[in-house]
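Good morning, everyone, and thank you for making the time. Please have a look at the model on the screen, and then I will walk you through a few of its features.

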Amino acid sequence: MRISRTRLGLLLAVLLVGAFAAAAVALASVGAGYDRRSLRKESVEPTGVADGSLALEHAKQAERAQQRERELSRRLARWAPRGLYLVVDTWDNRARLYRDGELLREMVSSTGSGTLLRDPVGGRTWIFETPHGERRVERKVRNPIWIKPDWAFIEEGFEPPKSAVHRLDDVSLGDYAIYLGDGYLIHGTLFQTLLGRRVTHGCIRLGDDDLAFLYKTLPVGSRVYLY
Amino acid sequence: MCTCTERALAPCVRLGALAFCARTHGPLVCLLVGALTLSPAPIQAVGEVPVRVRAMELEAELATKPDLYLALQVEPPELEIRARGITLERVALRDVAFLVRQPAWTRAADPLPVLPLVWAVAEPPAGVRREIEPEKLEPFEPEALAKRIAEPRPEAAPLPEAPSTYRVPLGPQLPDAVGEPWTLFVTSELPGTSPWSRPFRLLTDGWRRFRGEPPPPPRLLCLVMEPEAARALHHLMRKDTRLLLLGPDT
């Protein structure tokens with residue numbers, strides 16, 4: 001029996017398509033895909049027969065829940081800041097001073113670059129990140145002196161000096177420094193053009209006028225929120 | 001949740017325990033145990049605390065610490081950066097979705113988490129960090145250092161841009177530390193879940209498995225937002241950052 005070339009070609013094409021389809025089905029059957037799930041609303045109403053005792057129980061329950069809610073509201077209010085507080089947005093590099101939730105002043109800042117510095121000799125590493133969360137103003141200093149840590153020299157390609165005198169720097173921090181603990185400060189800068197960018201080693205830099213205003217306005221003990 | 005049947009049975013079980021206690025431990029211990037077990041049971045079982053109160057309890061617990069946390073309202077979708085119970089910033093969301101991976105032919109019952117709950121970032125998303133390492137360190141020279149700091153330097157290499165799509169593995173849910181692990185998926189477009197895209201996804205997933213690639217996470221909590229908002233959120237996903245999930249009733 002002879003089969004024409006056209007028929008042979010057709011047969012091969014069908015076989016090929018079939019093989020592809022079989023492979024696709026086989027692959028799909030071992031695969032998985034995402035399904036969207038909707039949240040069930042969990043009923044918080046007590047279930048059961050609503051006899052007299054249960055109704056009383058439910059009423060007591062509701063009363064206790066209200067009492068608990070009031071207590072928790074009070075507790076949350078106790079944690080919330082009162083008076084003056086500062087909020088620093090480390091992404092947009094803006095610092096906002098609030099009094100009882102009302103915005104008093106918005107300032108352009110510079111915050112941590114997130115850069116990792118590696119010491120080529122000792123292998124030590126530093127990450128220049130501004131911390132997140134709540135801090136307090138520990139103290140305020142006029143004409144601050146910066147005691148340069150090792151990374152300030154290593155970053156510039158120098159070995160850290162042996163003498164402590166060489167670590168003293170009375171220029172870089174500007175006119176004022178507000179200490180937030182763990183070596184993090186709000187201070188001035190020599191590089192005003194870099195304000196608004198993530199360029200620092202973790203501290204918060206402000207322009208001269210904003211820094212002077214903040215130094216005079218924000219008392220020691222005030223809360224500072226960094227995010 | 002305590003049901004009526006359990007409530008009816010509870011006294012019998014308690015009396016049985018009391019009798020057993022008296023026989024084995026003597027009357028004094030029996031009296032003590034009796035005072036404890038026969039005292040009125042708390043009316044509000046855990047499951048019956050209103051959702052709103054449960055959410056406040058979780059937030060009050062978070063607010064005791066100075067750390068930031070994210071409060072995610074599932075319906076309507078809202079994300080807030082908070083600390084000490086106050087909102088520092090609102091992030092605009094387009095959608096929030098719970099996605100569960102399903103095999104082609106079976107439909108496993110995969111329970112969704114019961115809200116409210118708190119998850120923690122188990123591992124920060126892939127890093128986008130610039131690294132600096134001087135080739136060598138020169139001996140310290142005050143003048144040379146002062147000159148190097150003062151001299152105009154070329155524009156530093158720009159910081160790597162944070163991604164607008166990333167996954168963040170979440171830790172066990174609190175306070176009970178049970179439940180399946182979920183992964184936070186921050187994206188500007190929800191992965192296709194429509195019936196039309198499903199065959200294609202099954203096929204590509206099957207091909208991935210065939211090639212021995214690791215499967216994607218089984219459960220995704222998707223936050224759909226603008227790419228710029230996703231990039232801004234990236235740096236907040238530090239290890240142990242808490243995520244407070246609030247249901248529609250809170």
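How many salt bridges are there between chain B and chain A? Before I answer, let me say that this is a predicted model, and that what follows should be heard with that in mind. The count between the two chains is 8 salt bridges, and one of the pairs that meets the rule is A:Glu69 with B:Arg52, where the closest N and O atoms are 2.6 Å apart. On the side of chain B that touches chain A, the residues divide by class into 53 nonpolar, 7 polar and 32 charged.

Let me stay with this interface for a moment. Contact involves 92 residues of chain B and 74 residues of chain A, and the two chains bury about 7,700 Å² between them, with 60% of that area on carbon and sulfur atoms. Polar contacts between chain B and chain A come to 23 residue pairs, counting those in which both residues are at pLDDT 80 or more. There is also strand pairing across the chains, since 6 bridges join strand β1 of chain A, residues 32–37, to strand β4 of chain B, residues 95–103, and these two strands run antiparallel. Within that pairing, A:Tyr34 has B:Arg101 as its bridge partner.

Turning to salt bridges over all chains, the count comes to 26. Within chain B, the side chains of B:Glu80 and B:Arg90 meet in one of them, at 2.9 Å from N to O. Because B:Glu80 lies in strand β2 and B:Arg90 in strand β3 of chain B, this pair ties together parts that are 10 residues apart in sequence.

Aromatic pairs number 9 over all chains. Among them, A:Tyr85 and A:Tyr225 are arranged edge-to-face, with 6.0 Å from centre to centre and 90 degrees between the planes. As A:Tyr85 sits in strand β2 and A:Tyr225 in strand β15 of chain A, the pair ties together parts that are 140 residues apart in sequence.

Finally, some backbone details. Most peptide bonds are trans, and most residues other than glycine have a negative phi. In chain B, however, the bond from B:Glu75 to B:Pro76 is cis, with omega near -10 degrees, and B:Pro76 lies in the loop between β1 and β2. The bond from B:Leu115 to B:Pro116 is also cis, with omega near 0 degrees, and B:Pro116 is found in the loop between β4 and β5. In chain A, A:Asp100 has a positive phi, near 50 degrees, and its place is in the loop between β3 and β4 of that chain.

Technical notes. Residues numbered from 1 in each chain as written. Chains lettered and ligands numbered in written order. Predicted model: local features only at pLDDT ≥ 70, side-chain atom pairs only at ≥ 80, totals over all residues. Heavy atoms only, no water. Contact = heavy atoms within 4.5 Å. Buried area = accessible area lost by both parts, 1.4 Å probe. Salt bridge = Lys/Arg side-chain N within 4 Å of Asp/Glu carboxyl O. Polar contact = N/O pair within 3.5 Å; in protein donor to acceptor, adjacent residues only side chain to side chain. Nonpolar A, V, L, I, M, F, W, Y, C, P; charged D, E, K, R; others polar. Pairing = 2+ DSSP bridges. Helix = DSSP H or I, 4+ residues; strand = E, 2+ residues; numbered from the N terminus. Phe/Tyr/Trp six-rings, centres within 6.5 Å; stacked < 30°, edge-to-face > 60°.
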